[in-house]
Amino acid sequence: MNSYNGTCGCGNIEYSFEDEPINTIFCYCLECQTHTGSDKWFGMWVPVEKFKFTKGTPSNFTRIGDSGKDVNHKFCSECGVTLCAEITFGKFYSVGVSTLRDNNHFSPKMSIYTKSAPKWAVFPEGVPKFDKLPSGMGD
């Protein structure tokens, strides 16, 4: 069983999870663009029961997702780095790949909400693109 660890930019908050992620995605929804200040969020989906914060307590920002359910963004109040977003509809965390200590062996398996991507966005070749979240995902 693999174990992964990550941290915010200043090191005040750390997390870990076990096993491989359910999925790795580039999300181009408008909320992710605003949150990252970029064209997308690179997240890996980790079941809630496999993920835990091991140091510090993150701050929380809650918004309503397309499902009508809460999306809880967990971030460091000191450095501002978003570590993950709890997707309550799907019972998983979308963990920011860039916050992993060792993130070089992950790549996106799909791009979602590409209809919302800015016209200057670059999509990786060979990665399936979906206008929205494909049906049956996150249920």
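Two strands are taken to pair if DSSP finds at least two bridges between them. Strands (E, at least two residues) and helices (H or I, at least four) are DSSP runs, numbered from the N terminus. The model is predicted: local features need pLDDT of at least 70, side-chain atom pairs count only at pLDDT 80 or more, and totals for chains, interfaces and linings use all residues. Residues are numbered from 1 along each chain as its sequence is written, and side-chain values use heavy atoms, with hydrogens and water left out.

**Exercise 1. The three-stranded sheet**

Task: State the strand order of the open sheet of three strands, and find which strands are its edges.

Solution.
Step 1. The order is β1-β2-β5, and the pairing is antiparallel.
Step 2. β1 (3–7) and β5 (51–55) each pair on one side only, which makes them the edge strands.
Step 3. From one strand to the next the twist averages 25°; axes here are lines fitted to C-alpha atoms, for helices over the stretch in contact, and angles run from 0 to 180 degrees between N-to-C directions.

**Exercise 2. The β1–β2 hairpin**

Task: Determine how many bridges join β1 to β2, and identify the bridge partner of N5 in β2.

Solution.
Step 1. β2 covers residues 14–18 and runs antiparallel to β1, with five bridges joining the two.
Step 2. N5 has S16 as its bridge partner, and G6 stands opposite Y15.
Step 3. Six residues lie between the strands of this hairpin, and G11 in the turn has a positive phi of about 85°.

**Exercise 3. The seven-stranded sheet and its hairpin**

Task: Give the strand order of the open sheet of seven strands, then describe the pairing of β6 with β7.

Solution.
Step 1. The order is β6-β7-β8-β9-β4-β3-β10, with mixed pairing.
Step 2. The edge strands, β6 and β10, each pair on one side only.
Step 3. The twist in this sheet averages 30° from one strand to the next.
Step 4. β6 (residues 59–64) pairs with β7 (residues 70–75) over six bridges in the antiparallel sense.
Step 5. S59 has F75 as its bridge partner, while I64 stands opposite D70.
Step 6. The two strands form a hairpin with five residues between them, and G68 in its turn has a positive phi of about 90°.

**Exercise 4. An aromatic cluster**

Task: Classify the ring pair of Y15 and F51, and place both residues in the fold.

Solution.
Step 1. Rings of Phe, Tyr and Trp (its six-membered ring) pair if their centres lie within 6.5 Å; planes under 30 degrees apart count as stacked, over 60 as edge-to-face and the rest as tilted.
Step 2. The structure holds nine aromatic pairs.
Step 3. The ring centres of Y15 and F51 are 5.2 Å apart and the planes are at 25°, so the pair is stacked.
Step 4. Y15 belongs to strand β2 and F51 to strand β5, so the pair ties together parts that are 36 residues apart in sequence.
Step 5. Buried means under 20% relative accessible area, exposed over 50%, and partly exposed in between (1.4 Å probe, protein chains only). Y15, at 0%, is buried, and F51, at 8%, is buried too.
Step 6. Ring pairs link Y15 and F51 with F53 and Y93 into a cluster.

**Exercise 5. Surroundings of two buried residues**

Task: For T99 and Q33, establish the location and the contacts of each.

Solution.
Step 1. T99 lies in the loop between β9 (92–96) and β10 (110–112), and is buried because its relative accessible area is 6%.
Step 2. Contact means heavy atoms within 4.5 Å. Leaving aside neighbours within four places in sequence, T99 is in contact with G6, T7, Y15, V81, T82 and L83.
Step 3. Q33 lies in helix α1 (residues 30–36) and counts as buried at 13% relative accessibility.
Step 4. With neighbours within four places again set aside, Q33 is in contact with Y28, S38, D39, K40, S116, A117 and P118.
Step 5. The side chain of Q33 reaches the backbone oxygen of Y28 at 2.7 Å.

**Exercise 6. Positive phi outside glycine**

Task: Compare the locations and burial of D19 and Y113.

Solution.
Step 1. Most residues other than glycine have a negative phi.
Step 2. D19 has a positive phi near 75°; D19 is found in the loop between β2 and β3 (23–27) and is partly exposed, at 24%.
Step 3. Y113 has a positive phi near 55°; Y113 lies in the segment after β10 and is buried, at 15%.

Key:
A polar contact is a pair of N or O atoms within 3.5 Å; within protein, one must be able to donate a hydrogen and the other to accept it, and residues adjacent in sequence count only if both atoms are side-chain atoms.
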